[in-house]
Each structure stands twice: as C-alpha cells, then as structure tokens.
Amino acid sequence: MIRWWISALQCTELFLTSLVHLTYGFYIFSTALAGDLSQAVSDWFSKPNLENGLKGDDSNKTTSGGDLPPIVLVHGIFGFGKGRLGNLSYFAGAEKKDDRVLVPDLGSLTSIYDRARELFYYLKGGQVDFGEEHSKACGHSQFGRIYEKGHYPEWDEDHPIHFVGHSAGAQVVRVLQQMLADKAFEGYEDTSENWVLSITSLSGAFNGTTRTYLDGMQPEDGRSLKPICLLQLCRIGVIIYDWFDIPCLKNFYNFGFDHFNMSWKKMGICGLIDCLLGNSGPFASSDWILPDLTIQGSLRLNSNIRTFPDTYYFSYATKRTRKIMGITVPSGILGIHPLLFIRVLQMSQWRHPPDIMPPYKGYRDEDWWDNDGALNTISMTHPRFPVEHPSHFIVQDSDCQPLLPGIWYYKIVEGDHILFIINRERAGTQFDLIYDSIFERCRKHAFRKNPTLPNHQVDH
C-alpha cells in the first residue's frame, strides 16, 4: 500500500512538472512568434520609410582587429542565439549594452564537447569538424554546419576574446579554452589558451547539479536515464521533432542534433523506432548535454580542464534558498519562477542514495542544498572537483581590483537560475547592475596589453 502511494505521488509530480515545463516552453515559443508577427506588421506599414531606415542599419557590421575585443555571450541548456526564436533575446537584450557583442546560436541540447567545437567555427569560420574519433564513437557525422564567414576570423593570441557564459555555456567556454591549449583543431596549429582573454560565468555549471538526478539521470553512473522521468519525455519529444524535420520550425528553433541525421528523409520509420528504443542517436551514445551536467559528468570534464595563468576569471553564483533553524528551504515563494520552485524545494532536501557510492571522496549532501532551482550554488562558484582551482570570494566588485589573472573571483547573488535571462523586467535594477559590471570589467580591468581607449592621445 505504501509503495502504491509513493508511485502515485511520483506520477503526480511528473505530470505537474511536465505540465509546467510545457506551458513555459509554449509561452516562450508563442511570445517569440507574436513578436515576429508584430514586427512584420510594423514593417509593412512603414515601407515608405524603409529606405531611410536601412541607411542606419548596422546588422551586417563586421568586426575589426583594431577595435576592442568582442564579448561573446554563450547560452545555456535549451538556450538559443541570435537568429533563433525571431527577435527574442536569450540574454534579455544585454547584448545591446556594448557595440562589440556576439551571441552565437549553439545546439540547445548537444553535448559540451560538440558545442565547444561549433563555437570555434562560429568565430573562425569554416565547416564544423567534430573530430573523426569522437564522431565515430558517438555515431554521428564528423562535419556539421558551415559558417561561410566567421564572426571574428582574426581571432588569435593577438586578438583574444572575452567570453560570458550562462549555465552550461560557462563550461562550454572552459572546454573550448582547453581545446585551444591542446591545439585540438585540425589546420589550426597556432591556437593557445591565450586566445581567451577572460571568462565570466553567470550561474555557471562547473561541478554538475543534483537536479539531473531529480529529472531522471541515474545517480549510479550519471549517463543512463530512469525508465519513467521528465527527461524521457524530453528525449521522445526531441526525437520526434527532429524526425519530422519541418524546415520552418527547425529554422525557428533547433535542438542542434542535425549531425545525427535523425530526419525522416535519412532514417525512415525503422530509424525512428530504433531511436525511440534507445539503440541509436545522441541519447544512446550519451552525446548530449545532460550527462555532462551530472556530478560524475562534470568530474570527467574537469579532470582535463585547467585554469590558465594569463586568463581572467569571474563568476556569479546564484541561490534561492536560506536556512531556518538549520533546515535549508526556498527563500520565499513570489521571487522564484514557477518553472523552478518545485526543484528549489527538492534540491534543498536532496539525499544521495545510501546504497550508491558517492561521486567523489568527501561528498556531503548538505554542501549541495543551496541552489537556484537548476544548479547547486557550490557548483557555480568555481571549479572544485576533482581538484579545487584557485579562487577568491568577494562581496563587492571593488574587492577584486586590481583584477589578477589565473584566479576565480566569485560572488553570491540572490536569484533563481533564469533571473538574468529572457525576461529583463523580472530582475529589475539587478539586471543592469550585473551586466554593466560584466561589461565594465571586460573593458576596463581585463586586458594583457594597455588598451587604446577612444580619444586617447599618445604623447611623443
């Protein structure tokens, strides 16, 4: 009887969680579509002024090696870059705060490795090469999307880049920097870690999250899925979405699995069944984002990623919990997005299964209770496991001036995981404070050579 009640509660929780996620996804999709329709109507009625408007258009503006380094904003899981979901901005318009900002569109559910490879070619140009060995091991095409012209083709050690990553985007940038240091891109023997000038993490996924287990990843291995869970529903939905391969939908939003060739044109009905049964595709080979976000997956990644002495690092760790009489609970109700509230509560009470070996030596449940509804706060401060990287906790931004390279400066911010993206109004003044400080730090405090500032006069 007790077991039946537990199963009933689990099914109810799965239904409610799925409903909330589907509702939010539909809200984002419909908001983007409505925005596009509104823009189309506005453009139609303003046709007489179109010619004048184009004169001031800078949408095709190219970067110049003589300018200040670009700032690249890298989205997280289920995210999107410029050109997807119409005119909707993943970073809620923060990219407009600086003239030299790029917002790449990477796979929203593809693995950290695959996204790092795509990010390189997005900037340098050319056809994405995932690597022969990796592609064979994971069962997908070696080559992907073609960027006829890179968004910053002059990128090299003399023209480094500032990166800002949200959620999994922060780990993508770290993996990319390590690839640059390892000279992992064929045809580019001169790459180095110094191509990256600074990395700023906003709720970054450095050490994994216990939420992956709540959503359906098996805590035994951090790779496989539970038979019935939220991620199984997600898996089935993604496979069907990619199989139907409707061009207008794929152009509007893409999960990023085109290199797996899951379209009905290439795999047919038999291929679809094979994918759904878990015998092929990204979910069969674990070459997708969720295994990388488990604690075990993050340990595997971190064991091969260094913090480099000439790069500046800064992270904002978010949390929406507090302690009452020694018990970790959500810090309020109204301030937490409905999409995340249940998970904030569940993550604050997380217990690693006692019959399963802990993910690392010294693991304690209580270290992982503070969270923002998607990631644990301990995971967002700086790379900690399996080896802790140099770090320094700060309260005020002035605490880290002058900014020194090779150290992870981190700050704890009260907020949930999506407070600083999608909807600018939710964060209020905090939104401007966060992004203004990020851009100011990139422009004024993180550089290797003395920058040539506008209107700067050089004495002879």
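Is Lys-250 buried or exposed, and what is the relative accessible area of Lys-250? In this predicted model, Lys-250 is buried, with a relative accessible area of 8%, a value that falls under the 20% cut-off for burial. The side chain of Lys-250 pairs with that of Asp-245 in a salt bridge, with an N to O distance of 3.3 Å.

A second pair joins Asp-397 and Lys-411, whose closest N and O atoms are 3.2 Å apart. Asp-397 is located in the loop between strand 10 (391-393) and strand 11 (408-414), whereas Lys-411 belongs to strand 11 itself; the salt bridge therefore ties together parts that are 14 residues apart in sequence. Lys-411 is buried, at a relative accessible area of 18%.

A further salt bridge is found within helix 4, which spans residues 132-138. Here the side chains of Glu-132 and Lys-136 meet at 3.1 Å, N to O. The two residues are separated by about one helical turn, because they are 4 residues apart in this helix. Lys-136 is exposed, its relative accessible area being 65%, while Glu-132 is partly exposed, with a relative accessible area of 45%.

Salt bridges also occur as a network, in which Glu-13, Arg-211, Asp-215 and Arg-343 are linked. In total, the model contains 19 salt bridges, among them the Lys-250 to Asp-245 pair, the Asp-397 to Lys-411 pair and the Lys-136 to Glu-132 pair.

How values were computed:
Residues numbered from 1 in each chain as written. Predicted model: local features only at pLDDT ≥ 70, side-chain atom pairs only at ≥ 80, totals over all residues. Heavy atoms only, no water. Salt bridge = Lys/Arg side-chain N within 4 Å of Asp/Glu carboxyl O. Buried < 20%, exposed > 50% of the residue type's maximum accessible area, 1.4 Å probe, protein only.
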